Amino acid sequence: MLDDPVAMVEAVFSTVPDAEVDPVAAHALRNLHEAGLVCVLACDTQRPESVRRATLRQARISDCFDALVLSSTIGVRKPHPRFYATVIEEAGCPAEEIVFVGDTPAKDAIGPAAHGMRAVLISQDGRPSGLDPGIGVIAHLRELPAYLESLHAL
């Protein structure tokens with residue numbers, strides 16, 4: 001195994017626990033998926049895709065994702081333009097129909113907005129100073145369905 005760096009990485013990350021999935025967020029995700037939305041997991045990670053998929057299976061949400069865009073798989077991290085281009089490709093729709101949701105302003109809000117996507121920042125501290133007013137802000141993923149409903153009401 002020492003001669004195979006990929007196997008070494010997989011072995012390390014298979015034994016070190018991945019992030020725990022918030023059950024409230026998982027419930028919100030399931031509701032969004034069941035409502036017919038295409039959901040793409042797009043994240044920076046060093047973990048191999050197999051490890052991330054195992055985490056999603058354990059949380060019982062693996063079926064909620066139509067695609068995974070992982071930096072460990074595509075070889076670039078947010079905010080690289082190729083990362084966002086891959087998200088758009090995997091979503092299978094025009095960028096302006098995508099709502100990119102995440103908790104890091106530069107990578108999950110400003111970056112996607114610069115590539116034509118709508119963005120929603122998850123921030124328990126409210127709207128960061130200077131954030132484009134066109135970028136939505138919610139405190140928790142459980143608020144996303146109501147936020148999306150408000151977009152349709154406009």
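**Reading a fold, from one residue outward**

Visitor: Let me start small: is Thr55 buried or exposed?

Guide: Thr55 counts as buried, because its relative accessibility is 12%. The general idea is a cut-off on relative accessible area: under 20% is buried, over 50% exposed, and in between partly exposed (1.4 Å probe, protein chains only). The model you are viewing is predicted, so local features need pLDDT of at least 70 and side-chain atom pairs 80 or more, while totals for chains, interfaces and linings use all residues. Numbering runs from 1 along each chain as its sequence is written, and side-chain values use heavy atoms, without hydrogens or water.

Visitor: Where does Thr55 lie, and which residues does Thr55 touch?

Guide: Helix 3, residues 49-58, holds Thr55. Helices (H or I, at least four residues) and strands (E, at least two) are DSSP runs counted from the N terminus. With residues up to four places away in sequence left out, Thr55 touches Asp18, Ala19 and Val21; a contact here means heavy atoms within 4.5 Å.

Visitor: How many helices and strands does the protein chain have?

Guide: The protein chain has seven helices and five strands. Followed along the sequence, they give the pattern α-α-β-α-β-α-α-β-α-β-β-α. Of its 154 residues, 38% count as buried. Of the contacts between residues at least 6 apart in sequence, 49% join residues at least 24 apart.

Visitor: How do I read a strand, and which side chains of strand 3 point to one face and are buried?

Guide: In a regular strand, side chains alternate between the two faces of the sheet. In strand 3, Phe100 and Gly102 point to one face and are buried, whereas Val99 and Val101 point to the other and are not.

Visitor: In which sense do strand 3 and strand 4 pair?

Guide: Pairing requires at least two DSSP bridges between two strands. Strand 3 and strand 4 have four bridges, in the parallel sense, and Val99 stands opposite Arg118 of strand 4. From strand 3 the chain crosses through helix 6 (residues 105-114) to strand 4, a right-handed β-α-β crossover. Right-handed means that, with the strands pointing away from you, the path from the first strand over the helix to the second runs clockwise.

Visitor: How many aromatic pairs are there?

Guide: Rings of Phe, Tyr and Trp (its six-membered ring) pair when their centres lie within 6.5 Å; planes under 30 degrees apart are stacked, over 60 edge-to-face, the rest tilted. That rule yields two aromatic pairs. Phe83 and Tyr84 are edge-to-face, because their ring centres are 5.9 Å apart and the planes stand at 80 degrees. Tyr84 and Phe100 are also edge-to-face, with centres 5.8 Å apart and planes at 70 degrees. Tyr84 lies in helix 5 (residues 81-91) and Phe100 in strand 3 (residues 99-102), so this pair ties together parts 16 residues apart in sequence.

Visitor: Are these rings buried or exposed?

Guide: Phe83 is buried at 0% relative accessibility, Tyr84 is buried at 0%, and Phe100 is buried at 5%. Phe83, Tyr84 and Phe100 form one aromatic cluster.

Visitor: One more residue: where is Ser123 found?

Guide: Ser123 is found in the loop between strand 4 (118-122) and strand 5 (136-138). Its relative accessible area is 14%, so Ser123 is buried. Leaving out residues up to four places away in sequence, Ser123 touches Val137, Ile138 and Ala139.
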